[in-house]
Amino acid sequence: MLYNIFIDPFVQMVQMPDLLVQTLWEGLVSGVLYALIALGFVLIFKASGVFNFAQGIMVVFSALTLVGFYEKFSAAGFSGHTAAFVALILTAGVMFVLAMLVERVVLRPLVNQPDIILFMATFGVTYVLIGFGEMVFGGDPKQMIASELFLPSGSVDVEMLGGLVSFQKIDIAAAVIASVMIVGLALFFQKTRIGRALRAVADSHKAALSVGISLNQIWVIVWFAAGLVALVTGIMWGARSDVSFALEIVALKALPVLVLGGLTSVPGAIVGGLIIGIGEKLGEFYWGPLLGGGIESWFAYAIALLFLLYRPQGLFGDKIIERI
Amino acid sequence: MFYRETGQFKQSYAADQAVFPILQDRFGLAFILLIAFVAVPLFGNEFLLASVMVPFLILSLGAIGLNILVGYTGLLSLGSAAFMGVGAYSAYKLSTIFPGVNILVWILCSGFFAAGIGVLFGLPSLRIKGFYLAVATLAAQFFLQWCFVRISWLYNDNPSGAIEVPARKLFGLAITGPSATPVTRYLVVLVIVVVMTLLASNIVHGRIGRTWMAVRDMDIAAQLMGIRLLPAKLLAFAVSSFYCGVSGALMVFLWLGAAEPSAFDIKLSFLLLFMVIIGGLGSMIGSFFGAALIHILPIVIRMLPEALGLPIAAATVEHLTYLIVGALIIFFLIVEPHGLARLWQIAKQKLRVWPFPY
């Protein structure tokens with residue numbers, strides 16, 4: 001038994017390095033996608049202190065909106081690529097309207113309430129979005145318009161370490177786009193006027209207000225940015241499987257990523273995503289059979305819990321200082 | 001004017017410390033209990049008893065359990081459905097291993113198993129706080145649910161993977177299984193819920209409850225005042241999980257009749273959290289208000305189109321229900337962030353000073 005747990009998996013790893021590379025790659029890719037969802041959470045948490053449960057459903061909602069618009073336009077006679085890009089812009093517009101609505105209807109009346117109340121309010125947003133989304137788009141899974149958006153499909157097989165390792169092209173594209181987006185967000189935060197204002201709000205609401213930064217405006221911007229991140233995540237995730245409300249459960253996976261990296265840290269979300277993604281795949285592949293399989297559903301939480309016991313504020317989170 | 005305590009003098013410490021010190025409260029409570037025990041079983045039809053009242057009471061019990069943890073001790077938990085599952089599965093195992101023992105004994109005993117598991121998953125709460133703890137309790141939710149699926153011993157290797165409730169009798173009356181009438185089931189649930197609510201009310205009004213509330217308001221300050229945090233938090237986890245466990249066992253034995261692991265999934269956890277927050281954090285009566293709102297509201301919304309004669313498809317009604325419930329959650333939070341219990345308090349204050357404004 002002990003042999004099976006502590007030695008055998010590592011022997012397998014060494015004996016079949018190609019399988020190990022394949023598993024690591026899959027873990028990396030799902031890690032990037034977890035990180036993207038977590039990124040949306042972090043953006044909103046940093047700027048408004050709201051633990052936005054609706055991020056997962058925003059991913060689904062934006063992807064469904066995109067596909068819905070595309071279907072309308074291609075039915076109206078536009079060619080594939082034009083329709084796809086017009087739909088993309090319109091979807092971004094929808095996410096902006098959503099950000100405005102959330103700020104106006106939910107956040108502004110609830111300003112200065114305890115965290116848990118705001119958390120609950122985002123649950124309300126989630127329910128509204130689920131109900132609205134299903135009513136408008138139906139509950140059936142939909143095909144993401146990957147090729148119309150110039151996303152590659154198919155796979156590349158690379159011969160290495162005595163075996164074939166296959167990389168899906170869409171996964172490579174996802175990793176590249178995610179990296180570009182993260183760098184872009186970092187530049188936006190560090191170099192632009194609005195980015196500086198966002199960081200000021202994150203540091204202290206009161207101080208930011210006192211130097212003339214409009215909180216309401218910042219919240220709209222942040223929710224819009226999170227909406228765009230959700231849209232990109234939705235496209236990537238939808239291209240790998242279908243677009244359906246099942247994605248909502250996957251979004252729950254972003255929670256361990258989030259606490260592992262620290263609720264307030266953008267790099268934390270990325271590193272946490274990679275750790276969880278890789279750890280989960282390795283665990284499922286090498287240790288899963290011992291426990292009867294399906295451990296993917298809770299393994300991520302177990303990893304996060306172990307890290308948290310060591311660092312209660314997550315890997316990169318702000319140190320929790322408690323005073324009386 | 002209607003709700004005045006003037007002239008009600010306390011002449012002993014016991015009277016002063018009573019849970020319901022005001023005469024009107026005691027009358028009101030007696031009236032509610034009279035309705036619950038006599039009027040509802042006499043005049044309620046089968047639908048009202050089996051699909052509205054029984055689930056409402058059971059969910060209220062679960063909400064009280066979660067309220068002890070979230071509302072009184074300030075530990076955010078998203079794993080309450082899993083603890084309900086522990087209660088349900090242990091009651092099922094116990095009742096199939098020892099079929100001779102009274103089923104009610106096992107339903108109550110199952111709470112102790114849930115409490116044990118709850119304490120185990122409550123251990124990290126000393127170090128981890130706030131939303132970080134919520135995610136840690138999600139580990140319990142998903143791990144336990146995985147156990148319910150994978151460990152076939154828990155459901156006696158039943159090929160369907162579900163637990164089915166054996167028929168059991170109490171004083172010659174069937175109380176579980178298909179032959180039990182809604183009235184019997186309702187009365188059994190009602191007795192258990194009333195007794196356990198009174199118990200919980202006494203706990204939170206006593207020394208233990210005050211300890212919990214001190215921990216909630218600021219745990220470091222509580223520690224400096226000599227409250228030992230670990231026992232206090234673990235006790236909260238234990239009592240909370242006990243209530244959740246009993247409510248889970250009741251849910252399977254007296255409401256659903258059979259349950260799959262998916263009955264205890266994360267949605268139920270969220271539902272209980274809704275009830276606690278909409279009802280009012282740190283309020284017993286709030287748990288009942290919350291359960292009533294969250295359970296009965298969707299039923300009413302679903303029945304409305306038919307009652308009004310509107311031709312809406314069933315699927316659309318389902319989506320509309322989601323939409324309306326979500327909107328109402330936001331609405332109630334904006335109107336009264338402290339929950340329905342606070343509205344109740346305001347109403348009582350108005351009754352007290354009426355006809356004057358203050």
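Here is a short tutorial chat on how to read this predicted two-chain model.

User: Before I start, what kind of model is this, and how are things numbered?

Analyst: This is a predicted model, where local features need pLDDT of at least 70, side-chain atom pairs count only at pLDDT 80 or more, and totals for chains, interfaces and linings use all residues. Residues are numbered from 1 along each chain as its sequence is written, while chains are lettered from A and ligands numbered from 1 in the order in which they are written.

User: How many helices and strands does each chain have?

Analyst: Helices (H or I, at least four residues) and strands (E, at least two) are DSSP runs, numbered from the N terminus. By that rule chain A comes to 14 helices and two strands, and chain B has 14 helices and four strands.

User: What does the radius of gyration say about chain A and chain B?

Analyst: You take it over C-alpha atoms and set it beside a globule rule, 2.2 Å times the number of residues to the power 0.38. Chain A has 324 residues, so a compact globule would come out near 20 Å, and its 21 Å agrees. For the 358 residues of chain B the rule gives a value near 21 Å, and the chain has 21 Å, which agrees too. Along the principal axes, the C-alpha atoms of chain A fill a box of roughly 65 × 60 × 35 Å, and the C-alpha trace of chain B spans about 65 × 60 × 45 Å.

User: What share of each chain is buried?

Analyst: A residue is buried if 20 or more other C-beta atoms lie within 10 Å of its own, exposed if 12 or fewer, and partly exposed in between, with C-beta atoms placed from the backbone. In chain A, 46% of the 324 residues count as buried; in chain B, 43% of the 358 do.

User: Where does the record put the transmembrane regions of chain A?

Analyst: UniProt positions are given in the numbering used here, feature names are shortened, and annotations may be inferred rather than shown by experiment. The unreviewed UniProt entry places "transmembrane region" in chain A at several spans, including 170-189 and 257-278. In the model, residues 170-189 of chain A are 100% helix and 0% strand, with end C-alpha atoms 28 Å apart. Residues 257-278 of chain A are 82% helix and 0% strand, and there the end C-alpha atoms are 12 Å apart. For chain B, the annotated spans include 130-151, and this stretch of chain B is 95% helix, with its ends 32 Å apart, C-alpha to C-alpha.

User: Which helices of chain A help form the side that touches chain B?

Analyst: Start with contacts: two residues are in contact if their C-beta atoms, placed from the backbone, lie within 7 Å. Here 38 residues of chain A are in contact with 33 residues of chain B. Helices H6 (115-137), H12 (254-261) and H14 (296-310) of chain A each supply at least two residues of that side of chain A. The largest share, 15 residues, comes from H6(A).

User: How do I check the length of a helix, say H12 of chain B?

Analyst: The expected span is 1.5 Å times one less than the number of residues. H12 of chain B (residues 284-308) has 25 residues, so it should span 36 Å; its end C-alpha atoms are 35 Å apart, which agrees. H12(B) also has a kink of about 30° at B:Ile296, shortly before the proline B:Pro298. That bend is the angle between axes fitted to the seven residues ending there and the seven starting there. Among the buried residues of H12(B) are B:Phe288, B:Phe289 and B:His295, and the cover over its buried residues includes helices H3 (46-72) and H7 (182-205) of chain B.

User: Which backbone angles stand out around B:Gly309 and B:Pro355?

Analyst: Most residues other than glycine have a negative phi, and most peptide bonds are trans. B:Gly309, which follows H12(B), has a positive phi, near 75°. A cis peptide bond joins B:Trp354 and B:Pro355, with omega about 10°. B:Pro355 lies in the segment after H14 of chain B.

User: Is A:Asn52 buried or exposed?

Analyst: A:Asn52 is buried, with 24 other C-beta atoms within 10 Å. A:Asn52 lies in the loop between H3 (17-48) and H4 of chain A. Leaving aside neighbours within four places in sequence, A:Asn52 is in contact with A:Phe41, A:Ile44, A:Thr122 and A:Ala226.
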